[in-house]
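Dear colleague,

I am handing over the structure we spoke about, and I would be glad if you could look through it with the notes below at hand.

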Amino acid sequence: MRKDKIATHIITASALGALVMLGGCGGSDRPKADIAASKITTIGVNSYMWQASLESLSFMPLLQADSNGGVIITDWYVNPQTPTDRVKLTVTILDQDLRADGLRVAASRQVAQNGQWIDAPIQAATVQKLESIILTKARDLRRSAIDG
């Protein structure tokens with residue numbers, strides 16, 4: 001996706017609906033595709049959330065991406081339409097299961113004033129919307145893997 005389209009998507013995304021919980025039914029005849037991502041991946045965190053996070057932040061320059069620790073840190077991103085405003089994100093995946101409480105996004109924002117970048121507040125809704133985008137994309141990736 002183009003940078004402006006992703007930025008618009010982050011700003012305008014609606015709140016996350018109910019997260020599809022992974023099934024807990026046992027049995028040896030359970031389909032292989034229904035196994036949680038943590039069981040079929042070699043990275044340390046949920047692979048769907050990891051991939052969704054990388055895709056959702058692909059328009060931002062990355063400083064660090066540690067799949068074993070589940071941490072993605074971006075560099076400062078300046079939207080060309082608002083060059084006096086920049087943001088930096090840290091996404092932490094806390095769990096191997098695809099759960100809403102297994103993801104944390106932290107954001108920092110700065111504004112340019114008199115030739116210097118000054119810390120500025122960021123709306124809580126912005127962080128919540130980004131978490132929603134990542135979780136929705138992770139759920140869609142999981143659904144595609146099962147259906148595919």
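The notes that follow go through the strands, then one residue within them, and lastly the nonpolar core.

Please keep in mind throughout that this is a predicted model.

To begin with the pairing of strands, β1, which covers residues 62–66, runs antiparallel to β2, and the two are joined by 4 bridges. Within this pair, A65 has I72 of β2 as its bridge partner. The two strands make a hairpin with 4 residues between them, and in its turn G70 has a positive phi of about 75°.

Strand β2 also pairs with β4, made of residues 85–93, again in an antiparallel manner and through 3 bridges. Here I72 stands opposite V91 of β4, so that I72 has a place in the account of both pairings, with A65 as its partner from β1.

A further antiparallel pair is formed by β5 (residues 103–113) and β6 (residues 116–120), which are joined by 5 bridges. In this pair Q113 is bridged to Q116 of β6, and the hairpin has 2 residues between its strands, with N114 taking a positive phi near 55°.

Returning to β2, you may wish to look at T74, which lies in that strand, residues 71–74. Is T74 buried or exposed? With a relative accessible area of 0%, T74 counts as buried, because the cut-off for that word is under 20%. Its side chain reaches the backbone nitrogen of L89 at 2.8 Å. If neighbours within four places in sequence are left aside, T74 is in contact with L57, M60, P61, L62, L63, K88 and L89.

As for the nonpolar core, the largest one has 21 residues, and the members that touch the most others are M49, L57, V91, L103, V105 and I134. The elements that give two or more residues to this core are α2 (47–56), β4, β5 and α3 (124–147), and the largest share, 5 residues, comes from α3. As background, nonpolar side chains tend to be buried together in soluble globular proteins.

Two of these core members also appear above: L57 is among the contacts of T74, and V91 is the residue of β4 that stands opposite I72. For M49, the residues touched, not counting those up to four places away in sequence, are I93, D95, D97, L98, R99, G102, L103, I134, L135 and A138.

With kind regards

Note on methods:
Residues are numbered from 1 along each chain as its sequence is written. This is a predicted model: local features need pLDDT of at least 70, side-chain atom pairs count only at pLDDT 80 or more; totals for chains, interfaces and linings use all residues. Side-chain values use heavy atoms; hydrogens and water are left out. Buried means under 20% relative accessible area, exposed over 50%, partly exposed in between (1.4 Å probe, protein chains only). A polar contact is a pair of N or O atoms within 3.5 Å; within protein, one must be able to donate a hydrogen and the other to accept it, and residues adjacent in sequence count only if both atoms are side-chain atoms. Contact means heavy atoms within 4.5 Å. Two strands pair if DSSP finds at least two bridges between them. A nonpolar core is a set of buried Ala, Val, Leu, Ile, Met, Phe, Trp, Tyr and Cys residues joined through side-chain atoms within 4.5 Å.
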